[in-house]
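The following paragraphs lead the reader through a single protein chain, element by element. Please keep the sequence and the structure in view while reading.

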Amino acid sequence: MGSGTSTQHHFAFQNAEKAFKAAALIQRWYRRYMARLEMRRRCTWSIFQSIEYAGQQDQVKLHDFFSYLMDHFTPSSHNERDFLSRMFTEERLPQDSEMEGCRDYDCIEVPDSYMGPRLSFPLLPDHATALLEAFRLKQLHARYVLNLLHETRKYLVQLPNINRVSTCYSEEITVCGDLHGQLDDLIFIFYKNGLPSPERAYVFNGDFVDRGKDSLEILMVLFAFMLVYPKEFHLNRGNHEDHMVNLRYGFTKEVMHKYKTHGKKILKVLQDVFCWLPLATLVDEKVLILHGGVSDKTDLELLSKLDRHKIVSAMRCKTRKENEKQAEKGKANQTGSAGKPSPWFLPQSHSLPSSPLRLGSHKAHKDSRSSSVPCSIPPNPQELSRQVRRSVDLELERCRQQAGFPVIKEKKEEPLLFSSEADSEAGELLQPTQEEWRQVVDILWSDPMAQEGCKANTVRGGGCYFGPNVTEQLLQKYNLQFLIRSHECKPEGYEFCHSRKVLTIFSASNYYEVGSNRGAYVKLGPALTPHIVQYQANKATHMLTMRQRISRVEESALRALRGKLFAHSSDLLGEFKKHDKDKTGLITLSDWAAAVESVLHLGLPWRMLRPQLVNSSTDNMLEYKSWLEDLAKEQLSHENIQSSLLETLYRNRSNLETIFRIIDSDHSGFISLDEFRQTWKLFSSHMKIDITDDCICDLARSIDFNKDGHIDINEFLEAFRLVEQSCSEGNASECPQATNANSGYSRPDAH
């Protein structure tokens, strides 16, 4: 019996040992599996953020160039002055008389067939709740939109730059981050956390608009609750509450699409409302809430005193000092081009031939020749196209390599747009100082970094990176406990840094793709201990496993990256040939990674991404021409358009749409002849080209394909395709032959 018991113990011991070994193997396998998933997730995240920030750099570069044109062009007529003042939806303070013109909403008739909510003021809690419920199916009538915006502006002008909030008056304060037009996230927050009330206070920390499809609805709900609960509901301004940013990222387009008749008026009032949004919120004098971050120059006392409504756009500042210098110069002629920011979508002036050419029909040619005014423009559309393409290719990529954006060294020697003494005096009153503007830019655009110190935020093109020591200095100076900021999408919806002294909150779940990230908000009680709540507003994500979710997001990121690679096919081919010195058609995969980074400058781990991007290789070598052809096939399977044309559109569409909206200064959705003429005068002035109004009219008529007297967005983009086609027909070795430019081409939404 003793022998049997001993044998049983021996077998039991062996079984236990095998079980432990099996558990260890399973645990090791699981850890490796999770590590691989985490690595894939991080690579995916890097792709999305790199592409997003590259777009922000392009936006700043575009605005910088148009601003330069405006500041260095002297209008010769009242019409030109009016057009230029409108070009950026007025980079000045709207006058009271102009705002009065937007208050005539009472004369807007609401038809009996309208089934949406009807607002009356002062608003009641039921009105705000009805808005929230109605926006699932209905659109608010333009009359009530303007009425609500008018009441919101009246309230905002009474608020300080830095709101003070106390936990003594409510059980807790909930802080929400970026929403970016995602109404589902806002509805989910209110469903999960409760509607605003005297016992449930909220702070929404900016970036309510852009990218998502329901930005205006989010604004209406937030403004309504703010008017109903002024002591418990607070809003901070974000970097996207800026009409210049809205031109690129979708909000302007959204408003004009939803309100075709009254959209222009709504946008004008919104611009003014954005200027009046508070800059920060202080909870119990201990927790500072602002959108972006701080810098080593952040001065809360100055921020609390400056006139925030003067900061019409954080994209550009014309200071009082500049106005004084410009007044001294008067209307002196421009004498040089040094210091100009590179016009990234126009040919360089020094590269333009000076031979005259008349554009337009045969009859127009005859009329032009009889004119006594020379019309010196590029010799043909093909040459213009090639120069445009080269400028776009070189300047956008060089922009991403720069440590900052160009400093206009000789700007002080050239006249600004408004050069009369009276205008200078008006600018003295209306324009912010450089320091005031910089303070606002820093709190709206900055990001924290792990390293000590403070440096320019070259990735975004605005604000700064601030380190733990900068955070600590600010907290000590103002006796604060910690900062809450937003501005950055985080995988978990939140992130602590700087020894938990900085908390990032981002409330737009599934921001890049369904399953890409959670949303989050933070609740603060009297003890000011942050309690984080995470969520996924999209129910579909709950049905996916972690692997399925990561795979889905990864494929979306790789698809976007392949589109980016395809958009730079020509540059990549040139770079690959540099590595293929023997002209074998093969390069090593290491050279492939180096070449791709040298062209795209996205800072991605290309070697890690190589298996997902490079399918075929032999002995660690890549047939790069075949790889580029495969990229083209993937994109062409979705578009009925020749490869070289699609490459140009992929690369430039977002920039071209932004340019269209800048030229369309009255937001009509069309470029009128006058808008086209004034814009070309800007361009020709920069390029040192003399061009008559007849030549400009001929050019406009050639772009107006349906001959209805104005240019819409499709005709504007189509013009680039036509010039590209002419380029290919004129020089087949330089530009591959295009397909029929009149073929039906359904363009994807850029946002």
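In this predicted model, strand E8 and strand E9, the latter made up of residues 464-466, run antiparallel to each other and are paired over 3 bridges. Within this pairing, Cys454 is placed opposite Phe466 of E9. The two strands belong to an open sheet of 3 strands, whose order is E7-E9-E8 and whose pairing is mixed. Strand E7 (447-448) and strand E8 (454-456) form the edges, each pairing on one side only.

The loop between E8 and E9 contains Arg460. Is this arginine buried or exposed? With a relative accessibility of 1%, Arg460 counts as buried. Its side chain makes a polar contact of 2.6 Å with the side chain of Asp447. A polar atom of the Arg460 side chain also lies 3.0 Å from the backbone oxygen of His487.

Asp447 has a further partner in Arg485: their side chains form a salt bridge with an N to O distance of 2.7 Å. Arg485 belongs to strand E10 (residues 482-485) and Asp447 to strand E7, so this salt bridge ties together parts of the chain that are 38 residues apart in sequence. Both Arg485 and Asp447 are buried.

Another salt bridge, of 3.4 Å from N to O, connects the side chains of Lys501 and Glu472. Here too distant parts of the chain are linked, 29 residues apart: Lys501 sits in the loop between strand E11 (494-497) and strand E12 (502-505), whereas Glu472 is in helix H17 (residues 468-478). Lys501 is partly exposed, at a relative accessible area of 27%, and Glu472 is likewise classed as partly exposed, at 30%. Which residues are joined into one network by salt bridges that share partners? They are Asp447, Arg460, Arg485, Glu488, Lys490 and Glu495.

In the structure as a whole, a search finds 20 salt bridges. Side chains of opposite charge can pair when their charged atoms come close. One of these salt bridges joins the side chains of Lys258 and Asp214, with 4.0 Å between N and O. Lys258 lies in helix H9 (residues 251-258), and Asp214 is in the loop between strand E3 (200-204) and helix H7; the pair therefore ties together parts that are 44 residues apart in sequence. Lys258 is buried, since its relative accessible area is 19%, and Asp214 is buried at 15%.

Helix H7 also leads to the nonpolar interior. In soluble globular proteins, nonpolar side chains tend to be buried together. The largest nonpolar core of this model has 60 residues, of which Leu140, Phe204, Met220, Phe223 and Phe233 touch the most other members. Helix H7 (residues 215-228) supplies the largest share of this core, 11 residues. A second core, separate from it and consisting of 36 residues, includes Ala508, Leu558, Leu565 and Phe576. What does Phe223 touch beyond the residues up to four places away in sequence? Its contacts are Leu148, Leu149, Thr152, Leu235, Val273 and Leu277.

The next residue to locate is His141, in the loop between helix H4 (125-134) and helix H5 (142-156). His141 is buried, with a relative accessible area of 15%. Leaving aside residues up to four places away in sequence, His141 touches Ile108, Glu109, Val110, Pro111, Tyr114 and Tyr259.

A further loop, between strand E1 (162-165) and strand E2 (172-176), holds Ser166. Apart from residues up to four places away in sequence, Ser166 touches Ile173 and Asp284. Although Ser166 and Asp284 are 118 residues apart along the chain, their C-alpha atoms are separated by 4.9 Å. The side chains of Ser166 and Asp284 are joined by a polar contact of 3.4 Å. A polar atom of the Ser166 side chain also lies 3.1 Å from the backbone nitrogen of Cys168.

Finally, the record offers an annotation for another part of the chain. An unreviewed UniProt entry assigns "domain: EF-hand" to residues 567-602, 651-686 and 691-726. Over residues 567-602, the model is 67% helix and 8% strand, and the end C-alpha atoms lie 14 Å apart.

Technical notes:
Residues are numbered from 1 along each chain as its sequence is written. This is a predicted model: local features need pLDDT of at least 70, side-chain atom pairs count only at pLDDT 80 or more; totals for chains, interfaces and linings use all residues. Side-chain values use heavy atoms; hydrogens and water are left out. Two strands pair if DSSP finds at least two bridges between them. Helices (H or I, at least four residues) and strands (E, at least two) are DSSP runs, numbered from the N terminus. Contact means heavy atoms within 4.5 Å. A polar contact is a pair of N or O atoms within 3.5 Å; within protein, one must be able to donate a hydrogen and the other to accept it, and residues adjacent in sequence count only if both atoms are side-chain atoms. UniProt positions are given in the numbering used here, feature names are shortened, and annotations may be inferred rather than shown by experiment. A nonpolar core is a set of buried Ala, Val, Leu, Ile, Met, Phe, Trp, Tyr and Cys residues joined through side-chain atoms within 4.5 Å. Buried means under 20% relative accessible area, exposed over 50%, partly exposed in between (1.4 Å probe, protein chains only).
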